[in-house]
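User: Please take a close look at one part of this structure for me, the second largest pocket, and tell me which residues line it.

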Amino acid sequence: SACFARSFFYAGARALLVSHWAVNSEAATRLADLTFDRLKADPKIGSAEVRRQATLANLNDASSPL
């Protein structure tokens, strides 16, 4: 909810990564890991671009059955 998200911002968070849909926890974990790995590798990259790259990397990974 908006109040829950607001509490993160009051605590100093600059952004949140959330989903409105139920997701497989393994897939969600992998996507979050890829997202933060890419952001750490290039801190100046925009949030939309980092999510796009992480999503494509996840989709193109033949080792992952998801």
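Analyst: The answer below starts with the model as a whole and then turns to the pocket. This is a predicted model, in which local features need pLDDT of at least 70, side-chain atom pairs count only at pLDDT 80 or more, and totals for chains, interfaces and linings use all residues. Residues are numbered from 1 along each chain as its sequence is written, and side-chain values use heavy atoms, with hydrogens and water left out.

The mean pLDDT (the predictor's confidence in each residue, from 0 to 100) is 84, and 92% of the residues reach 70 or more. The protein has three helices and zero strands, where helices (H or I, at least four residues) and strands (E, at least two) are DSSP runs, numbered from the N terminus.

The pocket (on a 1 Å grid over the protein atoms alone, an open set of points where a 1.4 Å probe fits, with protein on both sides within 12 Å along at least five of seven lines) is lined by Arg14, Ala15, Leu16, Leu17, Thr35, Phe36, Leu39, Ser47, Val50 and Arg51, lining residues being those with an atom within 4 Å of a point. Two or more of these residues come from each of helix 2 (25-41) and helix 3 (47-59). By class, the lining has six nonpolar, two polar and two charged residues, with Ala, Val, Leu, Ile, Met, Phe, Trp, Tyr, Cys and Pro counted as nonpolar, Asp, Glu, Lys and Arg as charged, and the others, Gly among them, as polar. As for confidence, helix 3 has the highest mean, at 90.
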